[in-house]
Amino acid sequence: MHHFFAYLSRLKFIRRWGLMRSTQPENDAEHSLQVAMIAHGIAVIARDRYGKTVEPEHVLALAVYHDATEVITGDLPTPVKYHSPELRTSYKQLEGLASRRLIAMLPQAMQPAFEPYLTEGEDYAHQLVKAADRVSAYIKCVEEKRSGNHEFDAAGENVLRSIRQIDLPEVRDFMEEFVPSYALTLDELNSLAPEQKHGPTG
């Protein structure tokens, strides 16, 4: 009997934004799905628009598992996690221990295939996932603001500044072309522009 996937299914019990008042609670399972979709989209832009060597499906898989260790560690709030270099180092060590524990829950023959997805890296694919994670956090702030909750205003500004520091045109394009839609209501999303409804004229 192997507990790996049963353990990961408990990501839905890990609440995010634990220090903030949210109008809509968010858990790690929901967050992981959103990050995976965003990361995949950014990777497609990078490959098809900028000719970069990247496999969007690999990036998607990395994103699916990017917070897997939190099923063991929990979600440590960012202000705590980055409070000091000592805390940041200690948390990285804790994540490493959690990663190894999760990998050990797999049959030995499967462990090499999953290890890259449960181990933090600094390569380009991991950079895209980290960027998507930031974009997802910003979207959460936008949605809370749209709901009239100003608890996330300062967080949204801080996250947006960190995204603007990411020197990747594919991330910039995603922010400009897709993220503004998250501030719209369903009726606004369904209200297509005239040229979209009827097709090009002339």
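**View 1. Ten salt bridges hold our attention in this predicted model.** The structure contains ten salt bridges, and the model they are found in is a predicted one. The next legends visit some of them, one pair at a time.

**View 2. Asp67 and Arg16 form a salt bridge.** Look for the closest N and O atoms of Asp67 and Arg16, which are 3.9 Å apart. This pair links distant parts of the chain, with the two positions 51 residues apart in the numbering. Asp67 belongs to the loop between α3 (56-64) and α4 (70-73), while Arg16 belongs to the loop between α1 (4-8) and α2 (28-50). Are the two partners buried or exposed? Both Asp67 and Arg16 are buried.

**View 3. Asp48 and Arg47 make a salt bridge.** Here the closest N and O atoms lie 2.6 Å apart. How exposed is Asp48? Asp48 has a relative accessible area of 52%, so it counts as exposed, because the cut-off for that word is over 50%. Its partner Arg47 has a relative accessible area of 35%, so Arg47 is described as partly exposed.

**View 4. Glu120 and Lys130 meet through their side chains.** The salt bridge between Glu120 and Lys130 spans 3.4 Å from N to O. Which parts of the chain does the pair link? Glu120 sits in the loop between α7 (111-118) and α8, and Lys130 sits in helix α8, ten residues apart. Glu120 is partly exposed, with a relative accessible area of 44%. Lys130 is also partly exposed, at 35% relative accessibility.

**View 5. Four residues are joined into one network.** Which residues should you find here? They are Arg49, Arg172, Asp173 and Glu177, joined by salt bridges that share partners.

**View 6. His126 and the residues around it.** Start by finding helix α8, which covers residues 124-146 and includes His126. Is His126 buried or exposed? With a relative accessible area of 14%, His126 is buried, because buried means under 20%. Next, follow the side chain of His126 to the side chain of Asp123: the two make a polar contact at 2.6 Å. Leaving out residues up to four places away in sequence, His126 touches Leu62, Pro116, Thr119, Glu120 and Gly121. You have already met one of these, Glu120, in its salt bridge with Lys130.

Notes. Residues numbered from 1 in each chain as written. Predicted model: local features only at pLDDT ≥ 70, side-chain atom pairs only at ≥ 80, totals over all residues. Heavy atoms only, no water. Helix = DSSP H or I, 4+ residues; strand = E, 2+ residues; numbered from the N terminus. Buried < 20%, exposed > 50% of the residue type's maximum accessible area, 1.4 Å probe, protein only. Polar contact = N/O pair within 3.5 Å; in protein donor to acceptor, adjacent residues only side chain to side chain. Contact = heavy atoms within 4.5 Å.
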